[in-house]
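User: Please go through this structure with me and justify each structural term that you apply. I should like to see how a value is set against its criterion.

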Amino acid sequence: MQASTRLIQSFPVDELTGALAVPIYQTCTFVQESPGVNKGFDYSRTANPTRSALEQLLAGLEHGHSAYAFASGMAAIDAVLKLLSTGDQIVAIDDIYGGAFRLFEHVYRRFGIDIVYCDTADLAQVQAAITERTKLVWLETPSNPTLKISDIAGLAELAHAVGAWLCVDNTFASPVLQQPILLGADLVVHSATKYLGGHSDLIAGAVVAATEELGKQIQFIQNASGAILGPFDSFLVIRGLETLHLRIAQHCRAALQVAKFLQTRPEISAVYYPGLESHSGHAIAKKQQPDGFGGIIAFVLNDDTVEAATQLATSLNYFKLAVSLGGGKSLVCHSASMTHTAIPAETRRAAGFADSLLRLSIGLEAADDLIADLAQALDSLAVPVAAPAALEPESVLA
Ligand SMILES: *Cc1c(COP(=O)(O)O)cnc(C)c1O
């Protein structure tokens, strides 16, 4: 059975009523027959039938033992970090999501967790960074925003050699393209706000655990800390999952066409898309995400300035200027001033991420129309415009 069939066939039918769509159990508590005797649910922070249905679907998609749905991707990441104790060390990808960097540096470092960043695409760098204190290796692949590819199986081996866990933020690939647990990861996190929800209409997150033991720990933290996903948003993510395979296939098809077009333009100095043969991670990407390379593209302008990037981003008609990704509507984002402001400029540039870098989230419009829009905006670069306002040092991330 193919993965799309397996997913659709695993949507549960409501046992009580036969409802084909998963019902929204909008309740905080559940009436008990006698003290401590219930139908498997007692309080919706601990478990809720709508959320449980979503969690089972996510565990199945990622080939994990169990999954837990959280109020946001950041709440999911936070739950994984709560597995650690003071004195533990994290070895993390340098090209890291800005919000994860902020949580690591400005919350968990205060609690005595040490974080070391390195280029996880280079196994030797990770090997050199790992110590006896390393408890967690933190990975995004493809990474945000330069789509760097890291070898999940190789990194799982390095982490396990010192008894550390490997956690993969699988938001960009989605479980349609990549299942890190099958490659040796212990934990997978998602910003379900992106492809899983798929309609740019909610904030949600998930943690998938490879084993029963890790799943129990995440469940304990979820119940203890309480950053759960509500029943209505759980329903919306379930609804989004029904079209996940279709959407991802279309995002991949259109993104490859757009990336190839961008490569032909003289205004552009670099195009980052793992589906391009010129991409440094192409060979590994082909191996560990064989069904496609995703819907995110980043590129850098020859005129590597914030001004040029601003002009291009504001000249686009179909690509809306907004943070986030993974929905049906195409988006453009200037990462340095919109999503990665928590990362100092020197750190950002050292990770290979330039001032003019623009990130595209390819939506579900026709690729030809998106290409025409990019062409007219690139043509407009010849015409200078006024300088943009200064960057805010610490604005809201997404
Ligand atoms: C958006 C995002 C997050 C954070 O998720 P939220 O749902 O916004 O809290 C984490 N990791 C990656 C790769 C993301 O793109």
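**Strand pairing and the sheet**

Analyst: The model is a predicted one. Strand β11 (residues 331-334) pairs with β12 in the antiparallel sense, over four bridges.

User: What makes β9 and β12 a strand pair?

Analyst: Pairing requires at least two bridges between the strands. Four bridges join β9 (residues 296-301) to β12 (residues 358-361), and the two run antiparallel. The criterion is therefore met. Among the bridge partners, Phe299 is matched with Leu358 of β12, and Ala298 with Arg359 of β12. Towards β11, Val332 has Leu360 of β12 as its bridge partner.

User: Why are β8 and β10 said to stand at the edges?

Analyst: The open sheet has five strands in the order β8-β9-β12-β11-β10, with mixed pairing. β8 (268-272) and β10 (320-321) each have a single partner strand, so one side of each is left without a neighbour in the sheet.

User: How do you know that both faces of β12 are covered?

Analyst: On one side, Leu358 and Leu360 are buried; on the other, Arg359 and Ser361 are buried. Buried stands for under 20% relative accessible area.

**Aromatic pairs**

User: Why is the pair of Phe30 and Phe41 called tilted?

Analyst: A pair of aromatic rings is described by the distance of the centres and the angle of the planes. The search of the whole structure finds six aromatic pairs. For Phe30 and Phe41, the centres are 5.6 Å apart and the planes make an angle of 35°. Centres must lie within 6.5 Å, and planes under 30 degrees apart would be stacked, whereas over 60 would be edge-to-face. The value of 35° fits neither of these two classes, so the pair is tilted. Phe30 and Phe41 both lie in the loop between α1 (3-9) and α2 (49-61), so the pair ties together parts that are eleven residues apart in sequence.

User: What makes Phe30 buried, and how is Phe41 classed?

Analyst: The relative accessible area of Phe30 is 17%, which is under the 20% cut-off, so Phe30 is buried. Phe41 has 22% relative accessibility; this lies between 20% and 50%, so Phe41 counts as partly exposed.

User: Why is the pair of Tyr108 and Phe111 called edge-to-face?

Analyst: The planes of Tyr108 and Phe111 are 85° apart, with 5.9 Å centre to centre. An angle over 60 degrees is the criterion, so the pair is edge-to-face. Tyr108 is buried at 6% relative accessibility, while Phe111, at 44%, is partly exposed.

**The ligand**

User: How do you know that Asp169 makes a polar contact with the ligand?

Analyst: A nitrogen atom of the ligand is 2.6 Å from an N or O atom in the side chain of Asp169. The cut-off is 3.5 Å, so this is a polar contact. An N or O atom in the side chain of Lys194 is 2.7 Å from an oxygen atom of the ligand. A backbone N or O atom of Met74 lies 2.9 Å from a ligand oxygen atom. The protein buries 94% of the 380 Å² that the ligand exposes when taken alone.

User: Which helix gives the largest share of the shell around the ligand?

Analyst: Helix α3 (residues 73-81) does, with three residues. By class, the shell has five nonpolar, five polar and three charged residues.

Conventions
Residues are numbered from 1 along each chain as its sequence is written. This is a predicted model: local features need pLDDT of at least 70, side-chain atom pairs count only at pLDDT 80 or more; totals for chains, interfaces and linings use all residues. Side-chain values use heavy atoms; hydrogens and water are left out. A polar contact is a pair of N or O atoms within 3.5 Å; within protein, one must be able to donate a hydrogen and the other to accept it, and residues adjacent in sequence count only if both atoms are side-chain atoms. Accessible areas come from the Shrake-Rupley method with a 1.4 Å probe; for residues, only the protein chains shown count as cover. Ala, Val, Leu, Ile, Met, Phe, Trp, Tyr, Cys and Pro count as nonpolar, Asp, Glu, Lys and Arg as charged, and the others, Gly among them, as polar. Buried means under 20% relative accessible area, exposed over 50%, partly exposed in between (1.4 Å probe, protein chains only).
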